[in-house]
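Welcome! Work through the exercises below at your own pace, with the sequence and the 3D view side by side.

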Amino acid sequence: YCHYRKGEAVAEKRPNISENRFLPRLLSALLFSSSLSFKIAALHSMNCFELFAGCGGLGYGFHKEDFNIVVANELEENIAVTYKHNFPETNVIVGDITKKEIKSKVYKNFENKDCDVILGGPPCVAYSMSGHRNSRDPRGQLFKDYVEFVKELKPKVFVMENVKGIL
C-alpha cells in the first residue's frame, strides 16, 4: 500500500494479496476463458504496461503475482517517485501521455517484446457521480489515449478501472 503525502512519498505495509478479491477473479477469467489461450506458466512472463500509474495501486497485485510490468506512465513527478520506490525494476516514464514524445518512449519499450496486458484507470473527475461532472474537463478525454494504446500495442488483455459515469 502506498500513498503521496504533501511533499513526500510514503510507502507503508502492503496488504496481503489474499485479501485482494479482484486479482483471483481476473486470473480465473484469463485461465478459463475460451477466447484466451493462456497457460499458468505464461502468466509469470506476461509483459505489462501500467498507464495512469499513480503510486502503483492498480498494478500492485500484478507485481505481487510476478507479472512483468515493463513500463509505467505517470504525469506527476512527485507521485512517480513513490512508484519508483515501490517498484524499482519498472521503467517509469514521467510526463503527459497525450504528448507524442511520451507515447514514443512507451512504444520503444515494446519494440522487441509483446505487450500482453495494459492496465490503468484514466482520471474520472469529469464523470464521477460524486464530483462536479464537468464535461469540459480535459482529463475526461484521457480514456481516448488509453484506447489508442490498446489499438497500437494489441495486448491480449486490458484492465481499465473507472467510474460508472464514463459510459
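**Exercise 1: Two cysteines**

The sulfur of C48 lies 7.1 Å from the closest cysteine sulfur, that of C115, which is too far for a bond. Before going on, note that this is a predicted model, where local features need pLDDT of at least 70, side-chain atom pairs count only at pLDDT 80 or more, and totals for chains, interfaces and linings use all residues. Residues are numbered from 1 along each chain as its sequence is written, and side-chain values use heavy atoms, with hydrogens and water left out.

Task: How many disulfides does a search of the whole structure find?

Solution.
- Step 1: A disulfide is a pair of cysteine sulfur atoms within 2.5 Å.
- Step 2: The search of the whole structure gives zero.
- Step 3: C115 is in no disulfide.

Task: Is C48 buried or exposed?

Solution.
- Step 1: Buried means under 20% relative accessible area, exposed over 50%, and partly exposed in between (1.4 Å probe, protein chains only).
- Step 2: C48 has 0% relative accessibility, so it counts as buried.
- Step 3: C115, at 3%, counts as buried.

**Exercise 2: One helix**

Task: Which residues of helix α4 are buried?

Solution.
- Step 1: Helices are DSSP runs (H or I, at least four residues), numbered from the N terminus; α4 covers residues 77-86.
- Step 2: Its buried residues are A80, T82, Y83 and N86.
- Step 3: They fall within an arc of 150° seen down the axis of α4 (taken from the directions from the helix axis to the C-beta atoms), so they line one face of the helix.

Key
Helix = DSSP H or I, 4+ residues; strand = E, 2+ residues; numbered from the N terminus.
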